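Good morning, colleagues. I would like to walk through one structure with you today, moving from a loop to the ligand site and then to the surface. Please have the sequence and the model open in front of you.

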Amino acid sequence: MKKHDQAAPETLAVHAGVRKGEFLPAVPPIFQTSTFSFDSAEQGAALFAGKGKGYIYTRMGNPTVEALETAIAILEGGAKGLACGSGMAAIHTALVTLLKNGDHLVCSDAVYGPTCTLVGKFLADFGIESTMVDTSNLAAVKKAMRPNTKVIYVETPGNPTLVVSDLAAIAEVAHQAGARLVVDNTFMSPILQQPFRWGADVVVHSLTKFLNGHADVVGGMIVVKEEEDYPLFRKALNHFGGVLPPMESFLVHRGIKTLALRMRRHCESAFKIAEHLETHEQVEWVRYPSLKSHPQYELSRKQATGGGAVISFGLKGGVEAGRRMMNAVGLCTLAVSLGGVETLIQHPASMTHASMGAEARKHANIGDGLVRISVGIEDVDDVIADIDQALEAVAAAKKDHSEMHVAAT
Ligand SMILES: *Cc1c(COP(=O)(O)O)cnc(C)c1O
């Protein structure tokens with residue numbers, strides 16, 4: 001058999017992190033235990049001293065959790081993974097490990113809503129300053145750098161505008177300034193994009209999305225590129241405490257077996273739907289990284305092997321049209337989140353990005369008519385039919401409204 005680091009992503013998704021233990025199980029068993037017993041006082045002392053093989057206590061390490069951490073580290077091409085209780089726990093742990101009071105952070109302005117609040121409010125309260133910039137604009141990134149900048153945090157494609165940032169160029173800016181590049185790779189998964197190849201130092205994930213893929217677990221992951229960074233991150237996670245339990249780790253590891261298949265299907269269907277939306281008369285604009293009309297189309301082709309599952313588009317008619325469409329969908333589930341096997345649709349201005357406030361939304365280009373779809377793995381024509389009937393309902397409501405308007409005037 002080929003060594004892990006030589007196999008294709010499709011192969012790694014099935015085999016990574018699977019170690020045959022006692023009784024040779026084909027998948028890592030669930031070690032549903034909070035603590036582990038020691039053979040002797042000497043063995044216990046050795047484990048606490050970081051010597052020898054074994055486990056102490058599940059917050060500090062557990063074989064089921066470790067299997068998942070190994071799998072994702074291999075898929076990303078990094079040294080080590082650290083499973084966290086949620087994507088936000090991973091982002092928080094990673095940032096607070098790298099930053100301290102008096103440090104400065106440069107952060108993408110189009111990020112997951114709670115990341116924006118974490119950085120802008122909670123980290124600020126602890127004396128960590130930040131500048132939110134459009135990281136697709138390299139000049140803006142350079143301009144935002146300060147002598148005390150320790151981290152550049154990039155989400156690409158950004159949420160929900162799908163703006164694409166040049167990881168290789170940003171890594172260079174970071175490293176020249178002695179700062180680290182942290183990348184949220186949730187939207188692409190390691191199947192489509194591997195930020196370490198472009199110079200990132202740390203990758204974070206919400207496992208809740210594509211990696212688990214079945215909308216039944218909340219979890220997160222930190223992956224470090226260099227082995228030497230691992231002890232500090234592990235120590236931080238042990239003390240912050242936001243770890244992922246064994247059962248959740250097992251489920252995510254199981255989900256990863258089909259990750260490559262799912263991502264391929266997500267990309268094919270999303271591309272078809274994006275092309276279809278581009279021709280629709282109720283739609284003002286469409287953003288999807290694999291569309292030629294995407295402003296960073298070439299960069300996206302260089303940096304990633306697919307456009308992913310998420311499409312954003314602008315409805316003609318703003319907030320009201322958005323509301324009508326949300327209430328008219330049938331097959332598409334009206335829900336936040338993304339990356340599951342089912343197609344989800346949502347309206348960021350009133351849902352995921354409402355907490356950012358109107359000013360920050362405007363700054364990040366999140367318009368009132370912006371709709372976000374996470375395309376699932378259903379038959380694509382069924383999804384298109386549902387979108388079309390919902391858009392017809394938007395058009396019909398506008399027609400009624402203008403007729404009423406004519407009657408009233
Ligand atoms: C969902 C998401 C997160 C947060 O993950 P949770 O598991 O919900 O805590 C962070 N980043 C991105 C891009 C996400 O989509």
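**A loop, a ligand site and a surface patch**

Let me begin with Pro-245, which sits in the loop that connects helix H9 (230–240) to helix H10 (246–256). Please bear in mind throughout that this is a predicted model. Is Pro-245 buried or exposed? The answer lies in between: Pro-245 is partly exposed, because its relative accessible area is 37%, and the partly exposed class runs from 20% to 50%. Along the chain, Pro-245 is 213 residues from Gln-32, yet the two C-alpha atoms are 8.4 Å apart in space.

A second loop residue is His-294, found between strand S8 (283–287) and helix H12 (297–303). With a relative accessible area of 3%, His-294 is buried, since the limit for that class is under 20%. What does the side chain of His-294 reach? It reaches the backbone oxygen of Leu-162, at a distance of 2.7 Å.

I turn now to the ligand. There are 14 residues around it, and those that come nearest are Met-88, Asp-184, Ser-206, Thr-208 and Lys-209. Which element gives the most to this shell? That is helix H4, residues 87–98, with 3 residues. Sorted by class, the shell holds 6 polar, 5 nonpolar and 3 charged residues.

Three of the distances to ligand oxygen atoms deserve to be stated individually. For Lys-209, an N or O atom of the side chain is 2.7 Å from an oxygen atom of the ligand. For Ser-206, a polar side-chain atom lies 2.8 Å from a ligand oxygen. For Met-88, the atom concerned is a backbone N or O, and it lies 2.8 Å from an oxygen atom of the ligand. As for cover, the ligand on its own has 380 Å² of accessible area, and the protein covers 93% of that.

Finally, the surface. Which residues make the nonpolar surface patch? They are Phe-38, Phe-48, Tyr-57 and Met-60, and the patch has an area of about 380 Å². Within this group, Met-60 is placed in the loop between helix H2 (41–48) and helix H3 (63–76). Why can Met-60 be counted in a patch? Its relative accessible area is 32%, so Met-60 is partly exposed, and patches take residues with over 30% relative accessible area and no salt bridge.

That concludes the tour, and I would welcome your comments.

Technical notes
Residues are numbered from 1 along each chain as its sequence is written. This is a predicted model: local features need pLDDT of at least 70, side-chain atom pairs count only at pLDDT 80 or more; totals for chains, interfaces and linings use all residues. Side-chain values use heavy atoms; hydrogens and water are left out. Patches are made of residues with over 30% relative accessible area and no salt bridge: like charges are joined within 9 Å, nonpolar side chains (Val, Leu, Ile, Met, Phe, Trp, Tyr) within 5 Å. Accessible areas come from the Shrake-Rupley method with a 1.4 Å probe; for residues, only the protein chains shown count as cover. A salt bridge is a side-chain nitrogen of Lys or Arg within 4 Å of a carboxyl oxygen of Asp or Glu. Helices (H or I, at least four residues) and strands (E, at least two) are DSSP runs, numbered from the N terminus. Buried means under 20% relative accessible area, exposed over 50%, partly exposed in between (1.4 Å probe, protein chains only). A residue is near a molecule or strand if one of its heavy atoms lies within 4 Å of it. A polar contact is a pair of N or O atoms within 3.5 Å; within protein, one must be able to donate a hydrogen and the other to accept it, and residues adjacent in sequence count only if both atoms are side-chain atoms. Ala, Val, Leu, Ile, Met, Phe, Trp, Tyr, Cys and Pro count as nonpolar, Asp, Glu, Lys and Arg as charged, and the others, Gly among them, as polar.
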